[in-house]
Amino acid sequence: MADRYLSFTGTTPGRFLTRRLGLPQPTALHRWSAEHPSFTGELLHLSAGKSPLDGPDGLAAVLGRTGLAVRARSERPVAVVLDATGVTDIDTLAEVHAALHAVVRSVARSGRVIVLGAPLDTADHHQAAVQQALEGFVRSLGKEIGRGITVTLLRLTDANAAESTLRFLLSPKSAYVSGQVIGIGGGAEVTAPADWALPLAGRTALVTGAARGIGEAVAATLARDGARVVCLDVPGAAVELDSVAGRLGGTALPLDITAPDAGARILAALPSEGLDVLVHNAGITRDRRLVNMAAERWSSVLDVNLASVLRTTDALLSAGGLATGGRIVATASIAGLAGNAGQTNYAASKAGVAGLVRALAPNAAAEHGVTVNAVAPGFIETKMTTAVPLFIREAGRRMNSLGQGGLPVDVAETTAWLAHPASGGVNGQVVRVCGQSLLGA
Ligand code: NAI
């Protein structure tokens with residue numbers, strides 16, 4: 001169902017009325033489109049402390065390849081990148097305040113503030129304290145900055161390994177990702193694509209639950225990025241599945257992912273080189289408070305959302321079904337991070353997905369050259385959330401820093417970034433696509 005409130009606040013009387021009544025004033029977000037694929041304008045590059053990322057082939061070179069005009073001063077930047085990797089003590093932390101205090105007001109609507117931090121694995125407790133301080137800083141700025149601007153903290157040691165991530169965060173593709181801390185490093189090989197506009201050219205991607213909703217958007221986005229897509233969904237959805245696969249020039253694989261032989265049937269349907277991208281998106285809800293939850297509601301949700309993810313991942317990895325350089329992206333949920341009344345089964349399954357990702361990521365990278373990450377959507381406008389009662393739906397839409405629900409394409413773009421051949425350094429991450437939801441914040 002369309003977000004009529006967001007449309008209304010975009011009109012002059014709507015803006016006037018909502019301001020007078022002190023109601024939320026969400027900004028219509030700038031998302032990727034073929035006509036407007038990137039931001040245009042200036043990127044303000046600032047730093048605090050002495051950055052280890054400086055140097056001829058360092059951060060400045062990577063930022064220069066984003067297509068934005070990199071400046072040390074800007075009246076109206078569309079994005080600000082503050083390099084705080086050199087923040088080691090209270091004095092250099094104060095430079096973060098000094099640098100951003102002066103410019104936050106001037107960032108364009110639906111723009112970006114990205115703070116770069118160092119990894120936390122330091123024995124220097126002063127440095128660890130001020131680097132951790134950046135998380136509280138970023139999350140607070142995300143909540144107060146408004147105007148559809150997102151704020152993210154990226155921890156890195158090598159700007160080149162972070163190029164796909166910086167390009168994603170500095171583009172309209174990351175419109176609904178805010179308040180997040182993303183770590184780069186310790187993953188698999190980073191491969192720059194021949195063509196950044198078609199990073200998945202020549203690669204095969206399988207998406208479960210692709211007949212509709214988020215899965216359909218993921219399949220479409222991976223196909224846009226050049227992948228051959230195999231679209232999997234239950235046999236009961238075969239008509240919709242055929243139509244999605246046909247539209248994307250992919251193939252349909254009607255299969256219940258909970259079938260005991262699902263892994264073997266997926267392997268049989270793949271090209272001999274195997275799979276490059278595996279997206280575990282299929283998911284169901286069967287909500288009831290625990291006291292009223294029959295065992296079947298528990299087991300069906302755990303089976304689709306977690307057990308089948310474990311089974312098919314194991315089957316594909318052990319049979320060599322994922323090519324070196326492969327990517328696994330699983331769909332968690334903020335309900336799994338924050339918990340939700342009536343969803344003990346669903347939240348358990350989605351928290352389990354996060355556990356699987358964190359534990360498998362280092363081994364999968366070391367043994368197979370494959371990364372494993374999760375996206376954790378917040379409130380996304382789909383059939384699943386249309387079924388939510390009106391007032392709970394409105395609360396879900398507004399209770400985040402961007403004051404609106406996300407779209408399936410927001411989850412799809414985040415998945416496509418994780419699936420990118422140059423995202424080998426992103427591993428074991430659970431990235432929320434939630435507009436910085438207050439739930440589980
Ligand atoms: P949806 O209900 O619109 O689509 C889910 C798809 O998965 C359907 O096409 C369904 O047929 C398929 N599916 C279900 N069981 C299957 C099985 N056993 N085998 C194969 N396919 C199966 O749901 P939506 O909203 O697109 O959600 C997609 C994923 O995102 C799910 O994992 C969901 O839990 C997760 N999610 C969604 C959020 C939202 O706000 N919509 C929020 C957080 C997470």
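This is a short talk on salt bridges, surface patches and a few buried residues in the structure above.

Okay, thanks everyone. One thing up front: what you're looking at is a predicted model. Please keep that in mind as I go.

Let me start with the charged pairs. Side chains of opposite charge can pair when their charged atoms come close. So how many salt bridges does a search of the whole structure find? It comes back with 15. I'm going to walk you through a group of them around helix α14, which runs over residues 390-398.

Begin with Arg397 and Glu381. Their side chains meet in a salt bridge, at 2.7 Å from N to O. Arg397 sits in helix α14, while Glu381 is in the loop between β12 (371-377) and α13 (383-386), so this pair ties together parts that are 16 residues apart in sequence. Are these two buried or exposed? Both Arg397 and Glu381 are buried. For Arg397 the relative accessibility is 3%, which is why it goes in the buried class, where the limit is under 20%.

Now look at Glu394. Its side chain also meets Arg397 in a salt bridge, this one at 3.1 Å, N to O. Glu394 and Arg397 are 3 residues apart in helix α14, so about one helical turn separates them. Glu394 has 25% relative accessibility, so we call it partly exposed.

And Glu394 has another partner. It forms a salt bridge with Arg398, with the closest N and O atoms 3.1 Å apart. Here the spacing is 4 residues within helix α14, so again we're talking about one helical turn, roughly. Arg398 has a relative accessible area of 15%, so it counts as buried. Put those together and you get one network: Glu381, Glu394, Arg397 and Arg398 are joined by salt bridges that share partners.

Right, let's move out to the surface. I've got some patches to show you.

Which residues make the negative one? Asp89, Asp91, Glu95 and Asp124 gather there, in a surface patch of negative charge. If you want a landmark, take Glu95, which lies in helix α4, residues 90-101. Glu95 is partly exposed, at 35% relative accessibility.

There's a positive patch on the surface too, where Arg15, Arg19, Arg76 and Arg109 gather. Arg76 is in the loop between β2 (69-71) and β3 (79-86). Its relative accessible area is 47%, so Arg76 counts as partly exposed.

Then there's a nonpolar patch on the surface, about 480 Å², made by Phe8, Phe16, Leu17, Leu21 and Leu23. Phe8 belongs to helix α1, residues 4-9, and at 36% relative accessibility Phe8 is partly exposed.

Okay, on to some residues that are tucked away. Where is Ser174? Find the loop between α6 (163-169) and β6 (180-183), and Ser174 is in there. Ser174 has a relative accessible area of 1%, so it's buried. What does Ser174 touch, if you set aside neighbours within four places in sequence? Its contacts are Arg112, Thr150, Phe168 and Leu169. While you're at Ser174, have a look across to Ala419 as well: the two are 245 residues apart in sequence, yet their C-alpha atoms are 14 Å apart in space.

Last topic, backbone angles. Ser110 isn't a glycine, but it has a positive phi of about 55°. You'll find Ser110 in the loop between α4 and β4, where β4 is 112-117. Ser110 is buried, with a relative accessible area of 4%.

Gln436 is in a similar spot as far as phi goes: a positive value of about 60°, and again not a glycine. Gln436 lies in the segment after β13, and β13 is 430-433. With 3% relative accessibility, Gln436 counts as buried.

To go back over the main stops: the network of Glu381, Glu394, Arg397 and Arg398, the surface patches of negative charge, positive charge and nonpolar side chains, then buried Ser174, and finally the positive phi values at Ser110 and Gln436. That's everything I had, thanks.

Notes:
Residues are numbered from 1 along each chain as its sequence is written. This is a predicted model: local features need pLDDT of at least 70, side-chain atom pairs count only at pLDDT 80 or more; totals for chains, interfaces and linings use all residues. Side-chain values use heavy atoms; hydrogens and water are left out. Patches are made of residues with over 30% relative accessible area and no salt bridge: like charges are joined within 9 Å, nonpolar side chains (Val, Leu, Ile, Met, Phe, Trp, Tyr) within 5 Å. Accessible areas come from the Shrake-Rupley method with a 1.4 Å probe; for residues, only the protein chains shown count as cover. A salt bridge is a side-chain nitrogen of Lys or Arg within 4 Å of a carboxyl oxygen of Asp or Glu. Lys and Arg count as positive and Asp and Glu as negative; His and the chain ends are not counted. The place of a charge is taken as NZ of Lys, CZ of Arg, CG of Asp or CD of Glu. Helices (H or I, at least four residues) and strands (E, at least two) are DSSP runs, numbered from the N terminus. Buried means under 20% relative accessible area, exposed over 50%, partly exposed in between (1.4 Å probe, protein chains only). Contact means heavy atoms within 4.5 Å.
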